Amino acid sequence: DAFDGATMAPHVFKEQLFRVFNIRLTPPELGALMKFFDKDGDGVIDCSEFLITFFKVGFEEKDKRAKAKAKLKEQKRQKEEEEKKKMEAE
């Protein structure tokens, strides 16, 4: 693994988030992200664990949004069907 054993201290993590994603963090935001990604609580982020967690969260969010979109589409379809039946009954 290219990242096996590699870690990032908080200041490095903050700089990388800015360089790669153009994300500017306040100290409380950085603290929250450190808490989220620093799985063993040693004060540094394991790079391979970061990537695994980052992509896992991304895939979960994408799936969540897709399900919400499908639910809205189904609700719209049902509403249109109900309106059609209502008009046919009149």
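A salt bridge here is a side-chain nitrogen of Lys or Arg within 4 Å of a carboxyl oxygen of Asp or Glu. By that rule, the count comes to seven salt bridges. Keep in mind that you're looking at a predicted model. We'll come back to the charges at the end of the tour.

**Stop 1: two helices that cross**

Select residues 10-21 for helix α1 and residues 27-37 for helix α2. Their axes are 11 Å apart, and the two helices pack at an angle of about 105°. Angles of 65 to 115 degrees count as roughly perpendicular, so that is the label for α1 against α2. Now show side chains at the contact: from α1, pick Pro10, Phe13, Lys14 and Leu17, and from α2, pick Leu30, Leu33, Met34 and Phe37. What sort of residues make up the contact of α1 with α2, nonpolar, polar or charged? Seven are nonpolar, none is polar and one is charged.

**Stop 2: Ile45**

Next, click on Ile45, which sits in strand β2, residues 45-46. Buried or exposed? With a relative accessibility of 0%, Ile45 is buried, because the cut-off for that class is under 20%. To see what surrounds Ile45, leave out residues up to four places away in sequence and display Ala6, Thr7, Met8, Phe13, Met34, Phe37, Asp38 and Phe50, which Ile45 touches. You'll recognise some of these from the previous stop: Phe13 belongs to the α1 side of the helix contact, while Met34 and Phe37 belong to the α2 side. For a distance check, draw a line from the C-alpha of Ile45 to the C-alpha of Asn22: it should read 19 Å, for two residues that are 23 apart along the chain.

**Stop 3: Thr53 on helix α3**

Move on to helix α3, residues 47-89, and pick Thr53. At 8% relative accessibility, Thr53 is also in the buried class. Skipping residues up to four places away in sequence, Thr53 touches Phe36, Phe37 and Lys39. Phe37 should already be on your screen, as a residue that Ile45 touches.

**Stop 4: Glu61 and its two partners**

Stay on helix α3 and select Glu61, Lys64 and Arg65. How far apart are the N and O atoms in the salt bridge of Lys64 and Glu61? That pair comes out at 3.8 Å. For Glu61 and Arg65, the closest N and O atoms are 3.0 Å apart. Why does the helix suit this layout for a walk along the chain? Lys64 and Glu61 are three residues apart in α3, so about one helical turn separates them; Glu61 and Arg65 are four residues apart, which is again about one helical turn. Turn on a surface to compare accessibility: Glu61 is partly exposed at 30%, whereas Lys64 is exposed at 55% and Arg65 is exposed at 58%.

**Stop 5: a charged network**

For the last selection, go along α3 to Arg77 and Glu81. Their side chains meet in a salt bridge with an N to O distance of 2.7 Å. Being four residues apart in helix α3, Arg77 and Glu81 are also separated by about one helical turn. Both count as partly exposed, Arg77 at 40% relative accessibility and Glu81 at 36%. Then add Glu74 and Lys85 to the selection: salt bridges that share partners join Glu74, Arg77, Glu81 and Lys85 into one network.

Conventions
Residues numbered from 1 in each chain as written. Predicted model: local features only at pLDDT ≥ 70, side-chain atom pairs only at ≥ 80, totals over all residues. Heavy atoms only, no water. Buried < 20%, exposed > 50% of the residue type's maximum accessible area, 1.4 Å probe, protein only. Contact = heavy atoms within 4.5 Å. Axes fitted to C-alpha atoms, helices over the stretch in contact; angles between N-to-C directions. Parallel < 35°, antiparallel > 145°, perpendicular 65-115°, else oblique. Nonpolar A, V, L, I, M, F, W, Y, C, P; charged D, E, K, R; others polar.
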